[in-house]
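Colleague: Could you take me through the disulfides in this model, one at a time, and then what surrounds them? I'd like the cut-offs spelled out as you go.

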Amino acid sequence: VAVMGRTYPMNFIGRKSCEDSDDIGDGGDNHGVYGDEVHTYQLLRHFTTYFGFDAKCTVAVMGLHGISKMRPENSGHGNGPHPATWVKDASYKMTNDYFKGFEYEWTYEERDNDNKDYQKFGEQSQWYNGAYDEKRLVLLNVDIAMKWNYEEYVDDKGRIYCKVSDEANHHGGEDPRNVPECPRAYQTYNIVEEYAEDYDSFLDDLENCMMQMYTTGYREGFDSSYLNYYGDDPATY
C-alpha cells in the first residue's frame, strides 16, 4: 500500500474472526467495549489494558474512523436512515482528515432509533456537522472524547450536557450560550492537534500502533520476542 510516497507491506490484514460470528463480526466471548457514556480517561484505560497503548497510540488508531462508515442497522449510529462517515469524501486512502475535522462546528443529538431495523440499539448519542442530507458528517462520543473530556457532564445513558462549539445548536436547539463548555482532554488534545498538522507523524505512529494491536496476544512478533497479552478479563471501567 503506497501513501504519500511511503510503501507499507501488507503483512497483517486483520485478526481471525470469532468462532460462530455473524456477517458484521458479532460473536464469540462477550468482552465489554466502550459505550456512549465512556469518557476520555476510561477510553485510554481500555486501550492500555487490552493493547498496552499509550495516549498517542489510542489517538492514532481512532484515526482509522477516517476510512470507515457507520450504518444504523449495524450500530444504531448514522445520518438519519442513511450511513454516515466521519470525514468528507471518505475513501480507503488513509489521511489525517479525521483530526482536521475537529475544527468543524459539531452539534450534539440523541437518536431515538425507533426504526424497526435498528430499534434494538435504543437511544444513541452522537454529534453532527452539516445540513440534514446524505453528506452530513457524524462523530461518536468516543471521538469527541479525544479532544474534550465530558466526564463531569455525562449521565449513565451517554447523554452529554456540555458543548464543543459556540456556533452549533445543542440539545434540541437550545441556545448554546446556556450550555457549559466541555473541558479539554489534556492527555489527548495536543495529540489531535499534532496529527491534524503533521500527516507524517500520524502515519508513523499509526503504523507502529497497528502492528502492536495486531500482534498483541501472539507468542512471536517481528523479532520473535514474546508479546504480552493485555487484559485477561472482560473490560471494566
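Modeller: Here is a walk through the disulfides, followed by a helix contact and two backbone oddities.

Some bookkeeping before that: this is a predicted model, where local features need pLDDT of at least 70, side-chain atom pairs count only at pLDDT 80 or more, and totals for chains, interfaces and linings use all residues. Residues are numbered from 1 along each chain as its sequence is written, and side-chain values use heavy atoms, with hydrogens and water left out.

The structure has two disulfides, a disulfide being a pair of cysteine sulfur atoms within 2.5 Å. Let's start with C57 and C209, whose S to S distance is 2.0 Å. The torsion about their S-S bond is about -85 degrees, so this disulfide is left-handed. C57 sits in helix α2 (residues 55–62) and C209 in helix α7 (residues 199–215), so the bond ties together parts that are 152 residues apart in sequence. Helices here are DSSP runs of H or I with at least four residues, strands are E runs of at least two, and both are numbered from the N terminus. Both ends are tucked away: C57 is buried at a relative accessible area of 9%, and C209 is buried at 3%. Buried means under 20% relative accessible area, exposed means over 50%, and partly exposed is in between, using a 1.4 Å probe and protein chains only.

The other bond joins C162 to C182, again with S to S at 2.0 Å. The value about this S-S bond is 90 degrees, and the link is right-handed. Both C162 and C182 lie in the loop between α5 (141–144) and α6 (189–197), so this pair ties together parts that are 20 residues apart in sequence. C162 is buried, with a relative accessible area of 0%, and C182 counts as buried at 3%. If you number the bonded cysteines in sequence order, the pairing reads 1-4, 2-3.

Back to α2, the helix that carries C57. α2 packs with α6 at an angle of about 50 degrees, their axes 10 Å apart. The axes are lines fitted to C-alpha atoms, for helices over the stretch in contact, and angles run from 0 to 180 degrees between N-to-C directions. α2 and α6 are therefore oblique to each other: under 35 degrees counts as roughly parallel, over 145 as roughly antiparallel, 65 to 115 as roughly perpendicular, and the rest as oblique. In this contact (heavy atoms within 4.5 Å), A55, K56, V59 and A60 of α2 meet I191, V192, E194 and Y195 of α6. Those residues divide into six nonpolar, no polar and two charged. Nonpolar covers Ala, Val, Leu, Ile, Met, Phe, Trp, Tyr, Cys and Pro, charged covers Asp, Glu, Lys and Arg, and the others, Gly among them, are polar.

Zooming out, the chain has seven helices and seven strands, and 42% of its 237 residues count as buried.

Now the backbone oddities. Most residues other than glycine have a negative phi. D89, not a glycine, has a positive phi of about 55 degrees; D89 is in the loop between β4 (84–85) and α4 (97–100) and counts as exposed at 74% relative accessibility. N113, also not a glycine, has a positive phi of about 50 degrees. N113 is in the loop between β5 (107–111) and β6 (124–129), but counts as buried at 4%.
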